[in-house]
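Please open the structure in the viewer with the cartoon and the side chains available. The tour proceeds by selection, from the whole chain to single residues.

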Amino acid sequence: YRPYVGTVVSAAFHKTKPRVYVSTQQGVAGALQLRDGSIAWRHKVGAGAVATARSLLLDEPAVLVTLT
């Protein structure tokens, strides 16, 4: 996963799905499958984006703010 996601700085496990949500130094937010490490989804939010993996687990709509 590392070439496609980057160096993880924050991670949080999903409560019911076998996934871990991550945010990286390279400005990527994503979810990795725990069973095989494959990428469930990823989104490039840009360098300088401030997000933690825990914020990706919110059950309510959230806003991600990027600073450029």
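Begin with the whole chain, coloured by accessibility: buried residues make up 28% of its 68 residues. The model is a predicted one. Its exposed surface amounts to about 4,900 Å², and carbon and sulfur atoms supply 54% of that area.

Next, switch to the cartoon. The chain contains 1 helix and 4 strands, and from the N terminus the elements follow the order α-β-β-β-β. If contacts with a separation of 6 or more are displayed, 23% of them join residues that lie 24 or more positions apart.

**The sheet**

Select the 4 strands together. They form an open sheet in the order S1-S2-S3-S4, with antiparallel pairing. Strand S1 (8-13) and strand S4 (39-44) stand at the edges; each has a single partner strand, so one side of each is left without a neighbour in the sheet. From one strand to the next, the twist averages 15 degrees.

**From S1 to S2**

Select S1 and S2, an antiparallel pair joined by 5 bridges. The two strands form a hairpin with 5 residues between them. Two pairs are convenient markers here: Ser10 has Ser23 of S2 as its bridge partner, and Ala11 stands opposite Val22 in S2.

Now select Pro18, which lies in the loop between S1 and S2. Is Pro18 buried, exposed or partly exposed? Its relative accessibility is 30%, and Pro18 therefore counts as partly exposed, since that class lies between the 20% limit for buried and the 50% limit for exposed. Display the surroundings of Pro18: beyond its neighbours within four places in sequence, Pro18 is in contact with Leu32, Gln33, Leu34 and Arg35. For Gln33, a distance label is instructive: Pro18 and Gln33 are 15 residues apart in sequence, yet 6.1 Å apart in space from C-alpha to C-alpha.

**Strand S2 and Thr24**

Isolate S2 and show its side chains. Why can S2 be described as largely enclosed by the rest of the structure? The reason is that 6 of the 6 residues of S2 are buried. Arg19, Tyr21 and Ser23 point one way from the strand, whereas Val20, Val22 and Thr24 point the other way, and all are buried.

Keep Thr24 selected, as this residue of S2 merits a separate view. Thr24 counts as buried because its relative accessibility is 8%, and the limit for that class is under 20%. Which residues does Thr24 contact beyond its neighbours within four places in sequence? They are Val5, Gly6, Thr7, Val8 and Val9. With Val5 there is also a polar approach to label: the side chain of Thr24 reaches the backbone oxygen of Val5 at 3.1 Å.

**From S2 through S3 to S4**

Add S3 to the selection. S2 and S3 pair in the antiparallel sense over 5 bridges, and Val22 stands opposite Gly30 in S3. Val22 can thus be followed to both sides, with Ala11 opposite and Gly30 opposite. The hairpin of S2 and S3 has 3 residues between the strands, and within this hairpin Gly27 takes a positive phi near 80 degrees.

Move on to S3 and S4, which also pair in the antiparallel sense over 5 bridges. Ala29 has His43 in S4 as its bridge partner. The hairpin of S3 and S4 has 5 residues between the strands, and Gly37 in its turn has a positive phi of about 80 degrees.

**The nonpolar core**

Finally, select Val5, Val20, Val22, Val28 and Leu32, and show their side chains as spheres. These 5 residues form the largest nonpolar core. Strand S2 (19-24) and strand S3 (28-33) each supply at least two residues of this core. In soluble globular proteins, nonpolar side chains tend to be buried together.

Leave Val5 displayed for a last view, since this residue links two stops of the tour: Val5 belongs to the largest nonpolar core, and its backbone oxygen is reached by the side chain of Thr24. Val22 may be highlighted beside it, as a member of that core and a buried residue of S2.

Note on methods:
Residues numbered from 1 in each chain as written. Predicted model: local features only at pLDDT ≥ 70, side-chain atom pairs only at ≥ 80, totals over all residues. Heavy atoms only, no water. Core = buried A, V, L, I, M, F, W, Y, C linked by side-chain atoms within 4.5 Å. Buried < 20%, exposed > 50% of the residue type's maximum accessible area, 1.4 Å probe, protein only. Contact = heavy atoms within 4.5 Å. Areas by Shrake-Rupley, 256 points an atom, 1.4 Å probe, with all protein chains shown as cover. Polar contact = N/O pair within 3.5 Å; in protein donor to acceptor, adjacent residues only side chain to side chain. Pairing = 2+ DSSP bridges. Axes fitted to C-alpha atoms, helices over the stretch in contact; angles between N-to-C directions.
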